[in-house]
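Open the model in your viewer and keep the sequence panel visible. Each stop below says what to select and what is there.

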Amino acid sequence: NPAKSVITLTQNGDFELIQILEMNGKVVFESVLNKNYQTFDLSMLSNGIYTVILTSELKIERVKLIINK
């Protein structure tokens, strides 16, 4: 972090869904997680600060993401 246009998520299979939200709460990206290692193209996002939400049945994790192209 910061990212330019691609992020890579490595996880142990706990999370099922990734969402990326603008600071106003609007969801700008969403994808089902089906692998322990995935790459996402975020080139459509403008420079700024976003919130990444990873969701499973048992927990929710939030991480700040900075896009700086």
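The tour goes from the whole chain to single residues.

This is a predicted model, in which local features need pLDDT of at least 70 and side-chain atom pairs count only at pLDDT 80 or more, while totals for chains, interfaces and linings use all residues. Residues are numbered from 1 along each chain as its sequence is written, and side-chain values use heavy atoms, with hydrogens and water left out.

**Stop 1: the whole chain**

Select the protein chain and show it as a cartoon. Its secondary structure comes to 0 helices and 6 strands; helices (H or I, at least four residues) and strands (E, at least two) are DSSP runs, numbered from the N terminus. The radius of gyration is 12 Å, close to the 11 Å that the globule rule gives for 69 residues, so the chain is as compact as a globular protein of that length. That radius is taken over C-alpha atoms, and the globule rule is 2.2 Å times the number of residues to the power 0.38. Along its principal axes the C-alpha trace spans about 30 × 25 × 15 Å.

Now turn on the surface. The accessible surface comes to about 4,600 Å², and 50% of it belongs to carbon and sulfur atoms; such areas come from the Shrake-Rupley method with a 1.4 Å probe, and for residues only the protein chains shown count as cover. Of the 69 residues, 33% count as buried. Buried means under 20% relative accessible area, exposed over 50%, and partly exposed in between (1.4 Å probe, protein chains only).

**Stop 2: strand β2**

Select 17-21, which is β2. Of its 5 residues, 4 are buried, so β2 is largely enclosed by the rest of the structure. Which strands pair with β2? β3 pairs with β2 in the antiparallel sense over 5 bridges, and 5 bridges also join β2 to β5, again antiparallel. Two strands pair if DSSP finds at least two bridges between them.

Pick L17 to see both pairings. Its bridge partner in β3 is V32, and its bridge partner in β5 is T55. Then follow the chain from β2 to β3: the two form a hairpin with 5 residues between them, and G25 in the turn has a positive phi of about 95°.

**Stop 3: a surface patch**

Stay in the loop between β2 and β3, where M23 is found. Is M23 buried or exposed? At 61% relative accessibility, M23 counts as exposed. Add I49 and I66 to the selection: with M23 they make a nonpolar surface patch of about 280 Å². Patches are made of residues with over 30% relative accessible area and no salt bridge; like charges are joined within 9 Å, nonpolar side chains (Val, Leu, Ile, Met, Phe, Trp, Tyr) within 5 Å.

**Stop 4: the salt bridge**

Select K59 and D14 and show their side chains. They meet in a salt bridge (3.7 Å, N to O). K59 lies in the loop between β5 and β6, and D14 in the loop between β1 and β2, 45 residues apart. A salt bridge is a side-chain nitrogen of Lys or Arg within 4 Å of a carboxyl oxygen of Asp or Glu. K59 is partly exposed at 38%, and D14 is partly exposed at 35%.

**Stop 5: I67**

Finally, select I67 in strand β6. I67 is buried, with a relative accessible area of 2%. Not counting residues up to four places away in sequence, I67 touches several residues, including A3, L42, S46 and Y50; contact means heavy atoms within 4.5 Å.
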